[in-house]
Amino acid sequence: MNSFVKKLKQFLIFCAVVVFAAGCSNVPNVSYNPWRVVDLPTDAVLSDIAFTDDGNHGWLVGSRTTLFETQDGGETWEERTFDLGEEKVSFTSVSFFGQEGWIVGKPSILLHTTNGGNSWDRIPLSSKLPGSPYKIFALGRNQAEMATDVGAIYLTKDGAKNWKALVQEAVGVVRNMERSPDGSYIAVSAKGNFYSTWEPGETAWQPHQRTSSHRLQNMGFGADGRQWLLARGGQIQFSNPNAEDEESPWDEVIYPEFSTSWGLLDVAYRTPEEIWVSGGSGNLLVSEDGGESWQKDRAVESVPTNLYKILFMGQDKGFILGDRGILLRYEPDLENA
């Protein structure tokens, strides 16, 4: 009985802390919620979305061999299957250039299509490949870059018949990795205690110490020319391209919602000024002035998921990917546009 009372007290205290933290938030609410939940018949973790040059035809991938196809710009999705026998894989990345597309996942799998996904071919990968394929980027006809989860980067220019190693030494297991339009990469270490950068022409990754005592969560490239980073404790930080001190190229730490402790997980730019930040427990914030001030989309807090990834394919098309099969689709406020 005493054990039950003790556990009940602990639960009530936890609930009170959550309510108190939520009530303390003084971040203003957005005037319009542009995100709609899309129903999907899965509870997998969603990983990535890409569209063909059609614009309406796209593919969604995720854990447990999750594969969905849309023909209407992402309003509705149909589940698709790829026969892998008894093999269990998690798809982590999908990318298209025109009608040519690529999907990668782990343990080591690479799929290729030249007809928009009407058919997919599995491309054999070497058993000596460092790590498992983690990211794929379609760059042109028969051209793609593939990065593994330990930082190996390969380039093909002949439809995956041959691959050229761009990095001589892998960086180690990564938490996440992003590529900029100019071909530069940034990767956060698995434990978040440092990050590494690589630029075309370099033979190895360049390691960098994290910018504070807080472990890094995610990093990437912004549409305004800056790099961004998320650190534990709800921190976001932007690089300063004009910084005179090369040892301190980052601006001051920002806490978009100082009173809460929900972890921030991803950043995406809808425009060079409008920045969206997602996090755990349906946490979603937006800045319309490049990070100077922030608003909170509280309508999304009721969605039971962690919002892992935000993607924009133009100013009027965007998606947020979560666990438990949760997908949010951006629907702009056309009346006030």
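**Stop 1: Glu-100**

Select Glu-100 and the residues around it in this predicted model. Leaving aside residues up to four places away in sequence, Glu-100 touches Ser-95, His-112, Thr-113, Thr-114, Gly-140, Arg-141 and Asn-142. Glu-100 itself belongs to strand 7, which covers residues 100-106.

Which side chain of opposite charge is nearest to Glu-100? It is Arg-141, at 6.0 Å. A salt bridge requires a side-chain nitrogen of Lys or Arg within 4 Å of a carboxyl oxygen of Asp or Glu, so a separation of 6.0 Å does not qualify. Glu-100 is therefore buried without a salt bridge. Now show the backbone of Asn-142: the side chain of Glu-100 reaches its nitrogen at 2.7 Å.

**Stop 2: the whole chain**

Zoom out and colour by secondary structure. The chain has 27 strands and one helix. It is 337 residues long, and 50% of them count as buried. Switch on the surface: the accessible area is about 17000 Å², and carbon and sulfur atoms account for 49% of that. For contacts between residues at least 6 apart in sequence, 43% join residues at least 24 apart.

**Stop 3: aromatic pairs**

Select the rings of Phe, Tyr and Trp. The structure holds 14 aromatic pairs. One of them is Trp-35 with Tyr-330, an edge-to-face pair with 5.2 Å between centres and 70 degrees between planes. This pair links distant parts of the chain, with Trp-35 in strand 1 (residues 35-38) and Tyr-330 in strand 27 (residues 327-330), 295 residues apart.

Are Trp-35 and Tyr-330 buried or exposed? Trp-35 is buried because its relative accessible area is 6%, and Tyr-330 counts as buried because its value is 8%.

Next, select Phe-96 and Trp-120. They also form an edge-to-face pair, 6.1 Å centre to centre with 75 degrees between the planes. Phe-96 sits in strand 6 (residues 90-97), while Trp-120 lies in the loop between strand 8 (109-113) and strand 9 (121-122), 24 residues apart. Phe-96 has a relative accessibility of 11%, so it counts as buried. Trp-120, at 12%, counts as buried too.

Return to Trp-35 and Tyr-330, and add Trp-276 and Phe-312 to the selection. Ring pairs link these four residues into a cluster.

**Stop 4: salt bridges**

Side chains of opposite charge can pair when their charged atoms come close. Show the charged side chains: the count of salt bridges comes to 14.

Start with Asp-43 and Arg-64, whose closest N and O atoms are 2.7 Å apart in a salt bridge. Both partners are in loops: Asp-43 between strand 1 and strand 2 (46-51), Arg-64 between strand 3 (58-62) and strand 4 (66-70), with 21 residues separating them in sequence. Arg-64 is exposed because its relative accessible area is 55%.

Move to Glu-69 and Arg-80. This salt bridge has its closest N and O atoms 2.7 Å apart. Glu-69 is in strand 4 and Arg-80 in the loop between strand 5 (78-79) and strand 6, 11 residues apart. How accessible are Glu-69 and Arg-80? Glu-69 counts as buried because its relative accessibility is 8%, whereas Arg-80 is partly exposed, with a value of 33%.

Then select Arg-179 and Glu-145, whose side chains meet in a salt bridge at 2.9 Å, N to O. The pair joins distant parts of the chain: Arg-179 is in strand 14 (residues 174-179) and Glu-145 in strand 11 (residues 143-148), 34 residues apart. Glu-145 counts as buried because its relative accessibility is 7%.

To finish with the charged side chains, select Arg-36, Glu-75, Arg-329 and Glu-331 together. They are linked in a network of salt bridges.

**Stop 5: Gly-225**

Finally, select Gly-225. Where is this residue? It is in the loop between strand 18 (216-221) and strand 19 (227-231). Gly-225 counts as exposed because its relative accessibility is 58%.

Add Pro-241 to the selection and draw a line between the two C-alpha atoms. Gly-225 and Pro-241 are 7.6 Å apart in space by that line, and 16 residues apart in sequence.

Definitions and conventions:
Residues numbered from 1 in each chain as written. Predicted model: local features only at pLDDT ≥ 70, side-chain atom pairs only at ≥ 80, totals over all residues. Heavy atoms only, no water. Helix = DSSP H or I, 4+ residues; strand = E, 2+ residues; numbered from the N terminus. Buried < 20%, exposed > 50% of the residue type's maximum accessible area, 1.4 Å probe, protein only. Lys, Arg positive; Asp, Glu negative; His and termini not counted. Polar contact = N/O pair within 3.5 Å; in protein donor to acceptor, adjacent residues only side chain to side chain. Contact = heavy atoms within 4.5 Å. Areas by Shrake-Rupley, 256 points an atom, 1.4 Å probe, with all protein chains shown as cover. Phe/Tyr/Trp six-rings, centres within 6.5 Å; stacked < 30°, edge-to-face > 60°.
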